[in-house]
Amino acid sequence: MFDRNVTKVVQDCILDSGIQAKIVAEKINKPYSTLMREINPFDASAKLGAETLLEIMKVTSDVRPLQFMASEMGYSIDGAHA
């Protein structure tokens, strides 16, 4: 089993959202195949940009990637909506 990383957390964010990945791709104006490559933790040649990550979190209403990154830096985010 591989270590959990931010790309896997983003992949889970989309897969657990209840929104089809094709719809997420449309909403963030990204080709579906590109999005799938960018959220594949086993594809080292495709990178997920910060702006795309932010759009994914907005579309899915899921801040787990942000929480994961904060945790990796020694911080915590409760996920409360402002």
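User: Among contacts in the chain between residues at least 6 apart in sequence, what share joins residues at least 24 apart?

Analyst: This is a predicted model, in which local features need pLDDT of at least 70, side-chain atom pairs count only at pLDDT 80 or more, and totals for chains, interfaces and linings use all residues. Residues are numbered from 1 along each chain as its sequence is written, and side-chain values use heavy atoms, with hydrogens and water left out. A contact means heavy atoms within 4.5 Å. Among contacts in the chain between residues at least 6 apart in sequence, the share that joins residues at least 24 apart is 55%.

User: In what order do the elements of the chain run from the N terminus on?

Analyst: Helices (H or I, at least four residues) and strands (E, at least two) are taken as DSSP runs and numbered from the N terminus. By that reading the chain has five helices and zero strands. From the N terminus on, the order of the elements is therefore α-α-α-α-α.

User: What radius of gyration does the chain have, and why does it count as being as compact as a globular protein of that length?

Analyst: The C-alpha trace spans about 35 × 30 × 20 Å along its principal axes. The radius of gyration is taken over C-alpha atoms, and the globule rule is 2.2 Å times the number of residues to the power 0.38. For 82 residues that rule gives 12 Å, and the chain is close to this value, so it is as compact as a globular protein of that length, with a radius of gyration of 12 Å.

User: Which element gives the largest share of the largest nonpolar core?

Analyst: Buried means under 20% relative accessible area, exposed over 50%, and partly exposed in between (1.4 Å probe, protein chains only), and a nonpolar core is a set of buried Ala, Val, Leu, Ile, Met, Phe, Trp, Tyr and Cys residues joined through side-chain atoms within 4.5 Å. The largest such core has 13 residues, and those with the most contacts inside it are Val10, Ile14, Val24, Ile28, Leu35, Ile39 and Ile56. Two or more residues come from each of α1, α2 (21–27) and α4. The largest share, four residues, comes from α4.

User: Which residues is Ile56 in contact with, leaving aside its neighbours within four places in sequence?

Analyst: Ile56 is among the residues with the most contacts inside the largest nonpolar core. Leaving aside its neighbours within four places in sequence, Ile56 is in contact with Val10, Cys13, Ile14, Ile28, Leu35 and Leu48.

User: Is Thr52 buried or exposed?

Analyst: Thr52 lies in helix α4 and, not counting residues up to four places away in sequence, touches Ile28, Lys30 and Glu38. With a relative accessibility of 14%, Thr52 counts as buried.

User: Which residues are joined into one network by salt bridges that share partners?

Analyst: A salt bridge is a side-chain nitrogen of Lys or Arg within 4 Å of a carboxyl oxygen of Asp or Glu, and the structure holds six of them. In one, the closest N and O atoms of Arg64 and Asp16 are 3.2 Å apart, and this pair links distant parts of the chain, with Arg64 in helix α5 and Asp16 in the loop between α1 and α2, 48 residues apart. In another, the side chains of Asp62 and Arg64 meet at 2.7 Å, N to O. The network made by shared partners joins Asp16, Asp62 and Arg64.

User: Is Asp43 buried or exposed?

Analyst: The side chains of Asp43 and Arg37 meet in a salt bridge of 2.8 Å, N to O. Arg37 has a relative accessible area of 42% and is therefore partly exposed. Asp43, in contrast, has a relative accessibility of 17%, so Asp43 counts as buried.

User: Which residues of α5 are buried?

Analyst: Helix α5 covers 64–72 and is followed by Gly74, whose phi is positive, near 90°. What covers the buried residues of α5 includes α1 (6–15) and α4 (50–60). The buried residues themselves are Pro65, Phe68 and Ala70.
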